Amino acid sequence: MTWLAETTMLSHGLRRFLLLLVAGAVAGLSVPPFFILPALFLTMPIWVWALDGAERRKGWRRVFGPAFTIGFAFGWGYFTVAFHWLGAAFFVDGGWFLAAMPPAILALAALIALFWGLASALAHLTWSHGGARIVGLASWLAVAEFARGHVFTGFPFDLLGYALTGSEEMMQLASVIGVYGLTFLAPLMAMTPALIWPADDRPMGQRLAPLFVVLLVLSAQLGYGWNRMTGTVSTERQDVAMRLVQPLVYEHSDFGNVDPVALIDRLLMLSDMRMDPTDQGLADITHLVWPESSVPFFLSTYPDALARIARTLPEGATLLAGVPRQPYEMRPGMPASAPYNSVVAINSDGEVISSYDKSHLVPFGEYLPFQEFFSRFGLKQFVPGADGWAHGDRRRRLMGLPGAPAALILVCYEILFSGDLGDTAGAQYLLNVTNDAWFDGSVGPAQHAHHARLRAVEEGMSLVRAANSGLTFVTDPIGRITAQLAPQQMAALDARPHQKLPTTIFAQIRHWPLVIAIIAGLLISFVASRRGRRRLPY
């Protein structure tokens with residue numbers, strides 16, 4: 001390790017850039033579902049050592065100079081590995097899209113890596129040569145990760161904190177500090193080998209002290225998780241009996257080729273199928289759930305659909321279906337034909353009694369930013385529809401249904417936004433409907449599912465997740481899966497959400513521990529830097 005530390009500090013130019021790029025790529029193996037946590041401990045110190053040897057520039061290059069390039073290279077490698085599964089969506093259309101896949105993934109990774117480059121540069125402004133330097137870098141990195149989860153609508157996939165959630169026990173700390181709090185801890189602990197090597201005149205016990213502290217923190221995290229899991233009694237709700245359909249609808253890729261009659265036939269058959277001799281089908285079901293994009297056509301184009309649904313649903317039951325919904329009114333800035341990506345509630349009389357319109361859309365996936373400009377080059381969003389999707393009202397997250405507890409509806413990646421889900425105080429459970437079929441054959445669906453489970457832990461609420469091709473499951477309020485379907489299994493799952501737990505610490509104080517930790521970390525690095533400068537000879 002001493003050799004690696006000294007080699008990194010002495011490297012520069014292209015050699016250093018490639019070293020950090022490879023190190024970041026290895027660090028990307030720490031994300032779900034890989035969870036190779038040692039990859040962070042092996043590579044994060046390389047970032048620190050590179051900054052130890054980074055040249056200091058003047059003027060604007062103090063920020064956009066070697067320190068920025070170091071962080072950018074590490075981030076580019078990390079996000080290329082972490083986001084590689086997004087390339088699976090290019091196989092849906094094929095053709096020239098396949099040729100565009102590598103540069104598109106590299107470009108997205110580079111764009112996100114700018115956040116890490118800026119964090120690296122800002123940390124280097126107050127760089128010192130003790131433990132304070134890793135505190136400062138971890139603090140700025142936490143700021144960068146929080147920013148990329150919120151700026152320009154946010155893209156919070158694969159935050160560094162997810163590396164510390166590889167087991168159910170480790171996940172439980174999110175109920176206190178959330179995934180962003182874990183995102184502060186993960187790099188801080190992973191950088192500690194930079195305090196041990198390179199070897200110097202310090203006694204071995206003093207050099208290894210930071211590593212023992214890390215082991216103590218990890219042990220405390222596991223201990224807290226084990227205690228919470230063994231001490232939490234979770235009970236199923238008796239007022240909700242749900243059937244989640246996993247229909248494997250691939251017609252979502254081309255709305256123009258949908259056969260509404262055949263598709264409704266399949267959905268209704270799966271909805272009322274008997275899984276075993278004791279199964280009563282829909283007879284004892286209060287809520288039937290069809291996932292996002294399960295009905296890839298406007299219900300108005302096939303009026304008999306509502307009548308057939310009414311004949312299938314038992315009296316008093318409700319269907320929650322992922323459908324495109326035509327707007328009732330014109331919206332400023334959107335074409336008249338732009339629909340909503342919605343979840344509608346249909347009662348046993350065939351009436352649409354409530355709806356939720358997805359408000360947090362995926363840029364380039366569900367709508368095209370600067371549409372007029374990009375359309376000139378033949379570019380379009382991945383999800384079919386020439387005019388893209390319209391944004392729903394962010395205040396309309398809670399869906400109240402007659403005779404049922406309020407559910408917080410979250411469509412697809414809306415479940416990713418830690419601390420920003422909506423009206424969690426009024427909700428009794430989380431309902432996430434999604435269509436991850438775009439990424440079948442990749443790690444994307446498993447990664448998305450793990451992110452969703454952590455929201456249940458943070459909020460102390462049961463998660464009901466209905467996915468088009470998987471993963472469909474139900475968790476209790478501490479993230480344990482209590483019922484599930486296998487990926488690519490065309491079937492239905494009967495399950496009940498669990499009772500909501502008393503408000504978690506995270507639900508009460510949200511990101512305040514993170515804010516305090518960041519402020520303290522930046523002050524520590526600033527003071528250490530000032531003291532170091534006063535010791536320099538002039």
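The following paragraphs lead through one sheet of this structure, beginning with the strand β2 and working outward. The model is a predicted one, and the features described here should be read with that in mind.

A good place to begin is strand β2, which covers residues 287–290. In a regular strand the side chains alternate between the two faces of the sheet. In β2, His287 and Val289 point one way, Leu288 and Trp290 point the other way, and all of them are buried.

On one of its pairings, β2 is joined by three bridges to strand β1, residues 242–246, and the two strands run parallel; within this pairing, Arg243 has Leu288 of β2 as its bridge partner. Strand β2 is also joined to strand β3, residues 318–325, this time by four bridges and again in a parallel arrangement, and here Val289 stands opposite Leu320 of β3. Between these last two strands comes helix α12, residues 304–312, so that β2, α12 and β3 together make a right-handed β-α-β unit.

From β3 the path through the sheet continues to strand β4, residues 340–347, to which β3 is joined by eight bridges, with the two strands running antiparallel; one of the pairs here is Arg325 with its bridge partner Tyr340 in β4.

These strands belong to an open sheet of six, in the order β5-β4-β3-β2-β1-β12, and the pairing in the sheet is mixed. Because β5 (352–357) and β12 (491–495) stand at the edges and each has a single partner strand, one side of each is left without a neighbour in the sheet. From one strand to the next, the twist averages 25°.

Definitions and conventions. Residues are numbered from 1 along each chain as its sequence is written. This is a predicted model: local features need pLDDT of at least 70, side-chain atom pairs count only at pLDDT 80 or more; totals for chains, interfaces and linings use all residues. Side-chain values use heavy atoms; hydrogens and water are left out. Buried means under 20% relative accessible area, exposed over 50%, partly exposed in between (1.4 Å probe, protein chains only). Two strands pair if DSSP finds at least two bridges between them. Axes are lines fitted to C-alpha atoms, for helices over the stretch in contact, and angles run from 0 to 180 degrees between N-to-C directions.
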